[in-house]
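Please examine the sequence and the structure shown below before reading on. The report then takes up the metal site, the open and enclosed spaces, and the nonpolar cores in turn.

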Amino acid sequence: MAKIVPYRRPNPETQPAYLHSAYASSIKRAPAKSPIYLPQTLSEVTGPSFTIAAIDVKACDLTHQHSGEPLGERIIVSGRVLDEDGRPLQYSLIEVWQANAAGRYLHKRDQHNAPLDPNFTGCGHTLTDAEGRYRFVTIRPGAYPWGNHHNAWRPAHMHFSVFGAGFASRLVTQMYFPGDPLLPFDPIFNCTADENARNRLISQFDWENTIPSEALGFRFDIVMSGREATPMET
Ligand SMILES: [Fe+2]
């Protein structure tokens, strides 16, 4: 029988608390009882695996999914996906979804009084390459209001889902932008108590990958588990 190597469990301080009273929805969602410890068996630590045939190779460019180009500031978001020992995770499926430049999602539940963009859907996916690298072309999302408390605004963010090497390591999180003045006021960003862990959710301006006259670059490396793990979304 194959030897099962479980994932390192995260330090609770480096992940969002289930209950963070400033984030109103967490009061309803947080479990009332202590979690049950589940051992990681073969089905948790392996698969699913993906090949290039399973994806749409053009889906990494969110600016060319329609007849025209979306409004907003074009950006390149790229980085690497690493495991708990810093090894690249190759051919891992990454999905992203985000608001448009005006801060509006193309979703029936988003009734924010901001325009939709007929040239922007806001969803994309890609596979990491053999060195664990990924790259998206998109537009910088706008901040948007939400009903958590009076005058609540989400900082600009992109949602990420990363499958990693197995079901137990799947990561769903949000990437933020450096210097965003809304970050100190955002209960979702601040759900993670450990400041260093929280700051791993902020991308870095990436001069190397900025394209002259075309797009600014932002780098966002993702660590699936272990001491340097990227925090999950609450
Ligand atoms: Fe969002």
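The following report describes a predicted model.

## The iron site

Four side chains coordinate the iron ion: Y105 and Y144 each through the OH atom, and H157 and H159 each through the NE2 atom. The distances run from 1.9 to 2.2 Å. Along the chain, these donors follow the spacing Y-x38-Y-x12-H-x1-H. Y105 belongs to the loop between β2 (93-98) and β3 (123-127), while H159 belongs to strand β7 (residues 157-162), so this pair ties together parts of the chain that are 54 residues apart in sequence.

The angles among the four donor atoms range from 90 to 162°, and the site is irregular. A tetrahedral site would need all angles to lie between 85 and 135 degrees.

Are Y105 and H159 buried or exposed? Buried means under 20% relative accessible area. Y105 has 16% relative accessibility and therefore counts as buried. H159, at 8% relative accessibility, counts as buried because of that value.

## The two largest pockets

Rolling a probe the size of a water molecule over the atoms shows where empty space is left. In this model, the largest pocket holds about 1100 Å³ of space. Its lining has 34 residues, and R9, P10, Q15, Y18 and M232 are the closest to its centre. Helix α1 (residues 24-29) gives the largest share of this lining, three residues. By class, the lining of the largest pocket comprises 19 nonpolar, nine polar and six charged residues.

The second largest pocket contains about 710 Å³ of space. Which residues lie nearest its centre? They are Y105, R109, Y144, W146 and H159, out of 24 lining residues. Y105, Y144 and H159 are also among the residues that coordinate the iron ion. At least two residues of the lining of this pocket come from α1, and at least two come from β2. The lining of the second largest pocket divides into eight nonpolar, eleven polar and five charged residues.

## Enclosed cavities

How many cavities of 30 Å³ or more does the structure hold? There are two. The largest cavity has a volume of about 80 Å³. Of the 13 residues that line this cavity, Y176, I188, L201, M232 and E233 lie nearest its centre. Its lining is made up of eight nonpolar residues, four polar residues and one charged residue. M232 also appears among the residues closest to the centre of the largest pocket.

The second largest cavity has a volume of about 40 Å³. Its lining includes Q98, N100, R104, Y105 and L106, as well as L116, D117, F120, T121 and G122. By class, four of these residues are nonpolar, four are polar and two are charged. Y105 thus has a place in this lining as well as in the coordination of the iron ion.

## The nonpolar cores

The largest nonpolar core has 22 residues. Within this core, V81, I94, Y134, F160 and I222 touch the most other members. Several strands contribute to the core: β1 (74-82), β2, β4 (133-139), β7 and β8 (171-176) each supply at least two residues.

Another core, of seven residues, lies apart from the largest one. Among its members are Y23, Y176, L183 and C191. Y176 is also one of the residues nearest the centre of the largest cavity.

Note on methods:
Residues numbered from 1 in each chain as written. Predicted model: local features only at pLDDT ≥ 70, side-chain atom pairs only at ≥ 80, totals over all residues. Heavy atoms only, no water. Donors = N, O, S within 2.8 Å, 3.2 Å for Na, K, Ca; no water. Tetrahedral: all angles 85-135°; square planar, octahedral: opposite > 155°, others 65-115°. Helix = DSSP H or I, 4+ residues; strand = E, 2+ residues; numbered from the N terminus. Buried < 20%, exposed > 50% of the residue type's maximum accessible area, 1.4 Å probe, protein only. 1 Å grid on protein atoms, 1.4 Å probe; cavity = no way out; pocket = protein on both sides within 12 Å on 5 of 7 lines; lining within 4 Å. Points joined across faces, edges and corners; volume = space filled by probe spheres on them. Nonpolar A, V, L, I, M, F, W, Y, C, P; charged D, E, K, R; others polar. Core = buried A, V, L, I, M, F, W, Y, C linked by side-chain atoms within 4.5 Å.
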